[in-house]
Structure formats: C-alpha cells, structure tokens
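Here is a short tour of one protein model, written for a first look. Take a moment with the picture, then read on.

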Amino acid sequence: QKVLTRYKIPQSAVSIEVQAVDENTPRLALNVDTPRNPASTAKVVTTWTALDLFGPTHTWPTRIFTTGTVSDGVLHGDLVIKGHGDPYLLLEDFWRLVGEIRHAGIREIAGDVVIDDSEFKVDEDDPAAFDGQGDKLYNVLPNALMVNFKSIDFDLDTDARRGKVAITTLPELPNLDIVNKVRLTTGTCRGNSVAVYMRANPGNPDQLEFGGEMPASCNHFEMSRSVMSPAAYTYGVFRMMWQHWGGTLKGRMRNEPRPPNADLIVTWESRQLAEAIRPLNKWSNNLMARMLLFDIGAHEAQPPITRE
C-alpha cells in the first residue's frame with residue numbers, strides 16, 4: 001500500500017496473488033478475478049505447453065550437410081547449416097558445433113556456406129513494427145536458425161591521445177562493416193552526455209554508421225543491439241569461429257534450402273527444453289518464446305511452419 005500511494009496508483013488498478021506451491025490458500029490475494037492484460041506472463045502458457053507436448057528433455061537439432069566430396073581435408077563443394085528452431089543456441093554452443101565440423105575431417109571449404117533457415121516461414125518482416133526500435137533485442141523476429149539471439153555488444157572506448165573513439169564488437173563479425181563518425185568531445189560525463197546514434201545503410205544492411213558525440217571523460221560506453229539478417233549474422237559467426245578452429249573458406253554465403261542430395265555429416269543437439277525455459281521465463285525473452293511457439297506448431301504441422 002505504501003508503494004501504491006507513493007506512485008499514486010489506485011488499489012483497483014493492481015492484481016496480486018502470492019501463494020506457496022505446496023499450499024491451497026493464497027498468502028495475499030488482491031483483485032484476482034479482475035481481467036487484466038496478461039503481457040509477458042503469457043510466456044508461461046507457451047512454456048507450459050511446450051513442456052506438456054515435448055517433455056523436459058526435448059532438444060532441437062542443428063544439422064550440417066555437405067555437397068561434393070572431401071579429399072585431403074578439402075571439401076570440394078558447399079557446407080550447409082540447417083536450423084530446426086533451437087531457441088537457445090549460444091555462441092559457446094555454436095563454437096563447439098563448428099569444432100565438430102573440423103573433427104569430421106574438413107579443413108578447407110572450397111565452395112559456399114549455405115544457411116538453411118527454411119523450417120520456419122515467418123510472415124513478419126519489420127522488427128520495428130512494435131515500437132519503432134527494430135534494433136532492440138526484444139524485437140528480434142523468430143528464425144529457424146538463430147545464433148545467440150542475433151545480439152552484438154558494441155563497446156565504445158575513448159582514446160584522448162589520438163582524439164578519437166574506438167568501436168569494437170562482440171562477437172567480432174568479419175562481414176560487418178562499421179563506419180565510425182563518432183566525435184570525441186570535452187566536458188563532464190553525465191548520464192545523457194553520450195549522444196551516439198547507430199544506423200544501417202539502406203543499400204547495405206551489413207554496414208553500420210555510428211555518429212554523434214562522446215566526452216573523453218566517459219572512457220567507456222556499451223550497448224547491445226540486433227543488426228544484420230539472421231543468415232548474415234550466422235554466417236559471420238561461422239567465419240570467425242571457423243578461422244579460430246584453423247579452417248579456411250573460399251566461397252561466400254547463400255541463404256537457401258539445402259539441396260536434396262546433400263550428405264549429413266554432423267548433428268548438433270541443443271540444450272534441453274527444461275534448461276532453455278528457465279532464462280526464457282526469468283528474463284522474459286521475447287525471441288525465445290516466439291521461437292518456441294513455432295516449435296509447438298512443428299509438433300503436428302509439416303514445415304515450413306507459420307505463425308498461424
């Protein structure tokens with residue numbers, strides 16, 4: 001009541017229920033029968049349904065195929081990465097997946113890397129439709145091959161001696177081009193003194209321009225954003241990690257379904273559903289919940305899976 005009074009919220013505008021899982025009576029119940037907008041608590045319905053349909057040990061495969069032949073460690077053909085809706089494919093998991101490809105005897109890819117995300121047919125094409133902020137992580141659209149939530153950490157560090165602001169990223173994607181126009185200024189570092197903008201090049205979605213101003217006294221500023229297409233992001237992470245594993249790549253990226261004659265060489269199994277839904281619900285991860293909804297659709301329907 002003290003909190004409601006402080007923020008001038010009428011008691012009738014709030015519903016609260018506190019109940020121990022092993023008790024039949026709530027410890028506190030306020031306006032529990034008043035209809036409300038469920039907002040992100042609707043994720044509990046999605047995750048419960050997934051547990052009921054799949055069970056807690058359910059996993060999602062990410063499959064690696066090849067076309068052509070392999071001789072002396074050289075793949076004379078394409079490498080195909082096909083996603084099946086894993087909602088929790090983190091960078092460390094993808095790093096191990098790439099290692100499995102190296103362990104399969106491939107050192108050099110003479111052809112292209114084919115990104116196959118055709119399992120889902122997502123009918124949305126504008127991540128900014130919700131609130132106009134399409135680069136925010138909570139607005140990422142679902143995709144059948146989603147690595148690390150398509151998230152990039154941008155670190156801006158001031159270099160007063162050289163009179164500039166340096167921009168680095170994690171992960172460091174070789175196919176992401178950053179045009180740095182941020183100006184280093186003097187003055188006190190306050191909460192709103194870093195006036196930096198980021199925008200994509202309409203003609204080249206893999207190129208970002210940073211501009212604005214950052215006081216030298218701020219030293220460091222960071223932000224996490226979603227940029228690039230899911231296929232381009234996955235390809236960039238693959239190129240980076242493939243080089244870390246000592247591999248070389250001659251070709252480019254193609255985003256298309258795998259050829260029917262491709263040979264399966266690696267099947268990577270995801271983390272279990274029970275592990276994935278903990279961060280999904282704890283951090284109210286929109287992308288994971290939306291991908292899980294498509295996975296529920298895949299329980300009975302044939303791909304490509306639509307939101308309907």
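## Helix H2

Helices (H or I, at least four residues) are DSSP runs, numbered from the N terminus. Just after H2, Gly55 takes a positive phi of about 85 degrees. This is a predicted model, where local features need pLDDT of at least 70 and side-chain atom pairs count only at pLDDT 80 or more, while totals for chains, interfaces and linings use all residues. Residues are numbered from 1 along each chain as its sequence is written, and side-chain values use heavy atoms, leaving out hydrogens and water.

## Two sides of H2

Which residues of H2 are buried? They are Lys43, Thr46, Thr47, Ala50 and Phe54, where buried means under 20% relative accessible area (1.4 Å probe, protein chains only) and exposed means over 50%. These buried residues cover an arc of only 90 degrees around the axis, taken from the directions from the helix axis to the C-beta atoms, which puts them on the same side of H2. On the other side of H2, you will find Val45, Trp48 and Asp52 exposed.

## A look at Lys282

Lys282 sits in helix H5. Is Lys282 buried or exposed? Lys282 is exposed, at a relative accessible area of 62%. Its C-alpha atom is separated by 27 Å from that of Ser12, and the two residues are 270 apart along the chain.

Methods
Helices (H or I, at least four residues) and strands (E, at least two) are DSSP runs, numbered from the N terminus.
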